[in-house]
Amino acid sequence: MHPFKDLPKVDLHLHLDGGILPQTLLELAGSTGVSLPASSRESLLPYMQVEPDCKSLIEYLEKFNFVLPFLQDRESLRRAAREIVQNAAADNCFYIEVRFAPLLHGRNGLAAAEAIESVIEGLREGERLSGIKARVIAICMRHQSVQENLEVIRAAASYLGKGLVAVDLAGDEANFPPERFREVFALAKQFGLPVTIHAGEAGGAANVKEAIDGLGAVRIGHGVRLREDPELLEVVRERRIPLELCPTSNIQTKAVSGWEDYPIRDYLERGLLLTVNTDNPTVSGTSMTQECEALASRFRFTLEELAGLMRNGIDSAFLPEPEKAELRAEFDRRLSALGITI
């Protein structure tokens, strides 16, 4: 028995292009006739995964530029989505929300709606093959214009409830503050699209406040720097706004100075609603099992506490309540089989 591997898990913050396997990239490159700087999985991995001494979010994001040219058609997106579900299932995840930025996949003319549809098709293939549940979140990118991002919102709206569950804002947080995108997320509100926003990672607590008050976020991607504003922290606690913490990634992007400064235990004791996620399994060299192991070894999280974080993931999922109830029942059944009670 491997307690952390066997624990049923939920991953709400999982980027499609951050979870491509090296073998998949080799095959995608081979099919398009594009040469890569390495010819084996082991030698290719350094181009796809950050070094331990990664200095910033900007440096971290550079790894995505290596992968994106190979995800520019419907079939590659379908494959990537199918495989990310299968890989999560192999790590004993039973619900995941996979996010991606449709406009980053349009270099060869693929429209945002076509990209979303392709990813949903791939997720459904993955669901059939693995037996787990997966949904998609469409990302607006900070470096792209308001008009371009409005296109993403309109495309996402047509798939709401048909495999897509929410929209997001991601990218270079430090140089593109969230208030630039109020018009974009006002449209999301009109369409009834739930919103999660990357905030409080490379930018401070003010970005978390704007994400909530200005953009309508009901979940916060990362939110590590929330503690810089104790008054806002209390608001987030009272409103039960979930934080999508990604410990390994948060260390790598320098959202905090190191593991000893990571606030997860403090946030938990203050009563915040926390979830734990991978962010980018390949780029960060992690998995949900490894995230659980890190919390256990570094912060003495018990299996029961880790199970509580996974239960938070179910409660925070962008799903209708009946579907959450089904997930809770399945989760409780699996926990019972492991002899874990929370």
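Is Arg237 buried, partly exposed or exposed, and at what relative accessibility? In this predicted model, Arg237 has a relative accessibility of 29% and therefore counts as partly exposed, since this value falls between the cut-offs of 20% for buried and 50% for exposed residues. The side chain of Arg237 meets that of Glu234 in a salt bridge, with a distance of 2.4 Å from N to O. Both residues belong to helix α10 (residues 230-239), where they are 3 residues apart, about one turn of the helix. Glu234, with a relative accessible area of 31%, is likewise partly exposed.

Other salt bridges connect separate helices. Glu305 pairs with Arg265, and their closest N and O atoms are 2.7 Å apart. Because Glu305 lies in helix α15 (residues 303-316) whereas Arg265 lies in helix α12 (residues 264-269), this pair ties together parts that are 40 residues apart in sequence. Glu305 is also partly exposed, its relative accessible area being 26%.

In addition, salt bridges that share partners join Arg74, Glu75, Arg78, Glu117 and Glu121 into one network. A further salt bridge is formed between Arg82 and Glu125, for which the closest N and O atoms are 3.0 Å apart. This pair links distant parts of the chain, with Arg82 placed in helix α5 (residues 74-90) and Glu125 in helix α6 (residues 112-130), 43 residues apart. Over the whole structure, the search finds 27 salt bridges.

Technical notes: Residues numbered from 1 in each chain as written. Predicted model: local features only at pLDDT ≥ 70, side-chain atom pairs only at ≥ 80, totals over all residues. Heavy atoms only, no water. Salt bridge = Lys/Arg side-chain N within 4 Å of Asp/Glu carboxyl O. Helix = DSSP H or I, 4+ residues; strand = E, 2+ residues; numbered from the N terminus. Buried < 20%, exposed > 50% of the residue type's maximum accessible area, 1.4 Å probe, protein only.
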